[in-house]
Amino acid sequence: MPTTEAPAATSAAYADLCALLREAGTIDSIARLCSWDQETDMPPKAAAFRAEELALLSRLGHERLTSPRLGDLLAECEADANLTADAAVAANLREIRRDYDKATRLPADLVAEIAETASRAMEVWKEARSASDFALFRPWLEKSFGLARRKAECLGAPAGGVLYDALLDEYEPGVTSADVERVFGPLREALTPLIAEIASAPTRPSRAPDEVKVDRAAQVELNKHAAAALGFDFSAGRLAVSTHPFSEGLAPGDTRMTTRYFDDRFTDSLAATLHETGHSLYEQGLPKAEFPGQPLGRYISLGVHESQSRLWENQVGRSRPFWEWMAPIVKDRLGPGLARFGVDDFYGCVNVVEPTFIRVEADEATYHLHVMMRFDLERLLIAGDLAVADVPGWWNARIKADLGLSVPDDARGCLQDIHWSMGAIGYFATYSLGSLLAAQMWETAQRAIPGVEAGFARGRFAPLLDWLREHIHRHGRRFTSAQLTERLTGAPLSHEPLMRYLESKLRPLYGL
Ligand code: ZN
């Protein structure tokens with residue numbers, strides 16, 4: 001969809017600046033392709049050289065983005081009143097400045113070391129996780145957090161913030177840990193009693209449909225069917241398989257995503273696919289071809305990205321109307337084992353709330369306790385208030401306190417997430433921020449689009465996608481996440497819409 005307010009203003013310097021960004025964006029998309037391959041199809045013996053490839057690409061991209069020429073062109077554009085009078089160009093320049101100032105604070109050798117460490121640490125993490133061997137991963141975790149701390153020191157804490165905020169800002173620009181606390185605090189207070197009530201509820205939905213074994217090839221087709229129905233363009237994207245589902249916007253016209261399959265638990269694969277489809281719809285809706293390598297062609301933040309995935313996974317994919325549409329399709333495509341189930345069985349199955357060790361398997365309510373503990377743990381490690389060696393003990397005590405579970409091994413404890421091996425420290429909070437934003441925009445969407453939810457029962461998803469494209473996707477990084485939230489929903493981010501959504505769905509299901 002074209003941007004309706006495409007920039008009209010230009011100049012020779014602006015054209016040169018855009019050409020430089022296009023080149024840096026191209027290097028970045030090659031690096032993303034290498035990472036995609038590493039995660040999906042790379043043979044294990046290629047890992048060492050892949051780390052070198054990624055380090056080189058990361059260095060080349062960093063050199064472009066920090067070049068004095070880019071700085072000169074940017075300054076020239078910022079001084080050009082013709083350019084800055086154009087709101088779209090002004091937003092682009094604001095974001096280019098932000099990126100440039102951050103990138104120039106990081107030494108090239110640190111950037112390359114982070115990229116190479118991430119690539120190597122990920123291979124060790126895979127081994128450590130499958131053997132549940134924390135000692136194997138520990139030196140790499142120490143290295144990852146050490147590099148993150150150096151990076152944070154180079155970037156500098158924002159005014160009034162702590163060192164950790166420099167890392168958070170990489171994923172959620174302009175948001176500090178104090179901002180996160182302001183919504184996480186009341187969310188935790190509201191969630192904890194609801195989870196406790198559910199634990200002793202008089203009735204509970206059953207997982208029976210997920211106990212039926214179903215053919216994998218049929219599941220693959222079902223997942224593709226669902227992604228296409230939501231609006232995923234398979235001529236500009238792929239759906240592959242990986243242990244941890246993810247999606248990656250590689251380039252204009254190239255958005256890749258993965259899901260995973262089990263012999264049973266077909267709803268797990270479907271939920272993962274709907275989630276990644278949400279991310280991918282955002283990527284496919286960004287005006288990347290129009291603004292290659294420029295902020296106006298990119299997503300706002302990981303929180304906003306996650307709002308798109310959560311919206312399609314939860315508000316859409318765990319709604320009753322969605323299952324009115326999906327139940328007959330599932331029964332038709334996945335075989336006779338599921339024939340005895342009705343809409344309410346499937347709807348109940350995807351809305352079971354039960355504490356689990358694994359974050360990515362957690363339900364919509366307990367999920368946020370997993371996120372909050374990682375947010376707290378990262379801040380302790382970056383502040384130097386906890387040693388890496390003490391992570392398993394801290395982790396297990398917190399899971400016991402929050403969820404009442406005894407962690408049996410580190411694979412199901414502190415080794416479960418890929419993030420720290422990738423050097424993605426400061427990332428986790430965005431998962432819950434995204435869920436909060438999804439719930440808040442869903443309330444707005446329901447008011448703005450008559451019959452939007454009822455339409456899901458007839459497989460009508462386009463009105464919601466069109467609305468997201470119009471209000472979010474086509475703008476790229478024109479607005480910050482706080483601006484977008486206010487503009488779209490008329491209020492700052494709050495825990496209340498998510499709680500209203502959870503209460504109104506879960507209370508009837510659990511007879512509360
Ligand atoms: Zn996601």
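These legends go with a set of close-up views of a predicted model.

**View 1. The whole protein, before zooming in.**
Let's start with the overall build: the predicted model has 21 helices and three strands. Its C-alpha atoms fit in a box of roughly 65 × 55 × 45 Å along the principal axes. The radius of gyration is 23 Å, which agrees with the value near 24 Å that a compact globule of 512 residues would have. Buried residues account for 56% of the 512 residues. If you take the contacts with a separation of 6 or more, 73% of them join residues 24 or more positions apart.

**View 2. The outside of the protein and its charges.**
The accessible surface adds up to about 20,300 Å², and carbon and sulfur atoms hold 53% of that. As for charge, there are 72 negative side chains and 56 positive ones. The centres of these two sets sit 2 Å apart.

**View 3. The largest nonpolar core.**
This core has 76 residues, and the members that touch the most others are Val 180, Phe 184, Leu 377, Trp 395, Trp 420, Leu 506 and Tyr 510. Several helices give two or more residues to this core, including H6 (108–131), H7 (134–155), H9 (177–199), H16 (391–403) and H21 (496–509). The largest share, nine residues, comes from H15, the helix that spans 367–383.

**View 4. Around Leu 377, with a second core set apart.**
Here we zoom in on Leu 377, one of the core residues that touch the most other members. Once its neighbours within four places in sequence are set aside, Leu 377 is in contact with Leu 386, Val 391, Trp 394, Trp 395 and Trp 420. Apart from the largest core lies another one, of 52 residues. Phe 232, Tyr 261, Trp 323 and Trp 442 are among the residues of that other core.

**View 5. Ser 144 on helix H7.**
Ser 144 is part of helix H7. With a relative accessibility of 6%, Ser 144 counts as buried, since the cut-off for that is under 20%. Beyond the four places on either side in sequence, Ser 144 contacts Trp 420, Ser 421 and Ile 425. Trp 420 has already turned up in the list of Leu 377 contacts.

**View 6. Cys 349 and its partners from elsewhere in the chain.**
Cys 349 belongs to helix H14, which covers residues 343–349. It is buried, at 4% relative accessibility. Not counting residues up to four places away in sequence, Cys 349 touches Ser 206, Arg 207, Pro 209, Asp 210 and Thr 267. Take Asp 210 from that list: it is 139 residues away from Cys 349 along the chain, yet their C-alpha atoms are separated by 7.3 Å.

**View 7. Two loop residues with positive phi.**
Most residues other than glycine have a negative phi. Ser 132 goes the other way, with a phi near 50°, and its place is the loop between H6 and H7. Ser 132 is partly exposed, with a relative accessible area of 24%. Arg 265 has a positive phi too, of about 50°, although it is not a glycine. You will find Arg 265 in the loop between strand S3 (254–259) and helix H11 (266–285). At 30% relative accessibility, Arg 265 counts as partly exposed.

**View 8. His 475 in the loop between H19 and H20.**
His 475 sits in the loop that runs between helix H19 (462–471) and helix H20 (481–489). Despite the loop setting, His 475 is buried, with a relative accessible area of 4%. Leaving aside neighbours within four places in sequence, its contacts are Leu 296, Glu 470 and Arg 487. For scale, the C-alpha atoms of His 475 and Glu 221 are separated by 33 Å, and the two residues are 254 apart along the chain.

**View 9. Leu 512, after the last stretch of helix H21.**
Leu 512 lies in the segment after H21. It is partly exposed, with a relative accessible area of 35%. Setting aside neighbours within four places in sequence, Leu 512 is in contact with Glu 197, Ile 198, Ala 201, Pro 202 and Arg 507. Asp 72 makes a contrast: it is 440 residues from Leu 512 along the chain, and their C-alpha atoms are separated by 63 Å.

Key:
Residues numbered from 1 in each chain as written. Predicted model: local features only at pLDDT ≥ 70, side-chain atom pairs only at ≥ 80, totals over all residues. Heavy atoms only, no water. Core = buried A, V, L, I, M, F, W, Y, C linked by side-chain atoms within 4.5 Å. Buried < 20%, exposed > 50% of the residue type's maximum accessible area, 1.4 Å probe, protein only. Helix = DSSP H or I, 4+ residues; strand = E, 2+ residues; numbered from the N terminus. Contact = heavy atoms within 4.5 Å. Rg over C-alpha atoms; globule rule 2.2 N^0.38 Å. Areas by Shrake-Rupley, 256 points an atom, 1.4 Å probe, with all protein chains shown as cover. Lys, Arg positive; Asp, Glu negative; His and termini not counted. Charge placed at Lys NZ, Arg CZ, Asp CG, Glu CD.
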